[in-house]
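Let's take a walk through this one together, piece by piece. Have a look at the picture first, then read on.

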Amino acid sequence: MDPTAAGLTLNAPRRAPGLRREELAVLAGISIEYVVRLEQGRTSNPSAQVCLSLGRALHLSDEEQAHFMRLAGHAADPHRVPRLIPGSVYRILDRLTDHPLSAYDATWQLLHWNPLFAATFGDPTALDADNRTCC
């Protein structure tokens, strides 16, 4: 992925194209050490949250994200409720910043929210994941 497509500025010429480990870690919100361990195969089971964060940081399409999740061992079980938010929904949430917005799965589990939602209804991070349900 081109660093400028991720919103990064290039300060110096690069020997290799694409994002550096440090840049990917910052964009995904995970530690650089963990990215290195993933790259070197020293960690075997990255969580679904880490995989989703990496997919968003790399601007993967919905199909690429689903393939990435399957490769990481998070294949969709037909009896599980999917918790993957499509990239198109993230783009809508990012553009509608003047409205409190949130995204839920089919069981009304809160998956994503914008800052105005947190300011209006309270910060969902103060609740544990089991208590983030609606209705």
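Start at Gly41, which comes right after H2 and has a positive phi, near 75°. Helices here are DSSP runs of H or I with at least four residues, numbered from the N terminus. Before going further, a word on the ground rules: this is a predicted model, where local features need pLDDT of at least 70, side-chain atom pairs count only at pLDDT 80 or more, and totals for chains, interfaces and linings use all residues. Residues are numbered from 1 along each chain as its sequence is written, and side-chain values use heavy atoms, with hydrogens and water left out.

Now step back into H2 itself. Its buried residues (under 20% relative accessible area, with a 1.4 Å probe and protein chains only) are Tyr34, Val35 and Val36. Among the things covering them are H1 and H3.

Just ahead of H2 sits Ile30, in the loop between helix H1 (21-28) and helix H2 (32-40). Ile30 is buried, at a relative accessible area of 19%. Setting aside residues up to four places away in sequence, Ile30 touches Ala25, Val35, Val50 and Leu54 (contact means heavy atoms within 4.5 Å). Val50 is 20 residues from Ile30 along the chain, yet their C-alpha atoms are separated by 7.6 Å.

Ile30 also belongs to the largest nonpolar core, which has nine residues, including Leu24, Tyr34 and Ala57. Such a core is a set of buried Ala, Val, Leu, Ile, Met, Phe, Trp, Tyr and Cys residues joined through side-chain atoms within 4.5 Å. H1, H2 and helix H3 (48-57) are the elements giving two or more residues to this core.

Key:
Buried < 20%, exposed > 50% of the residue type's maximum accessible area, 1.4 Å probe, protein only.
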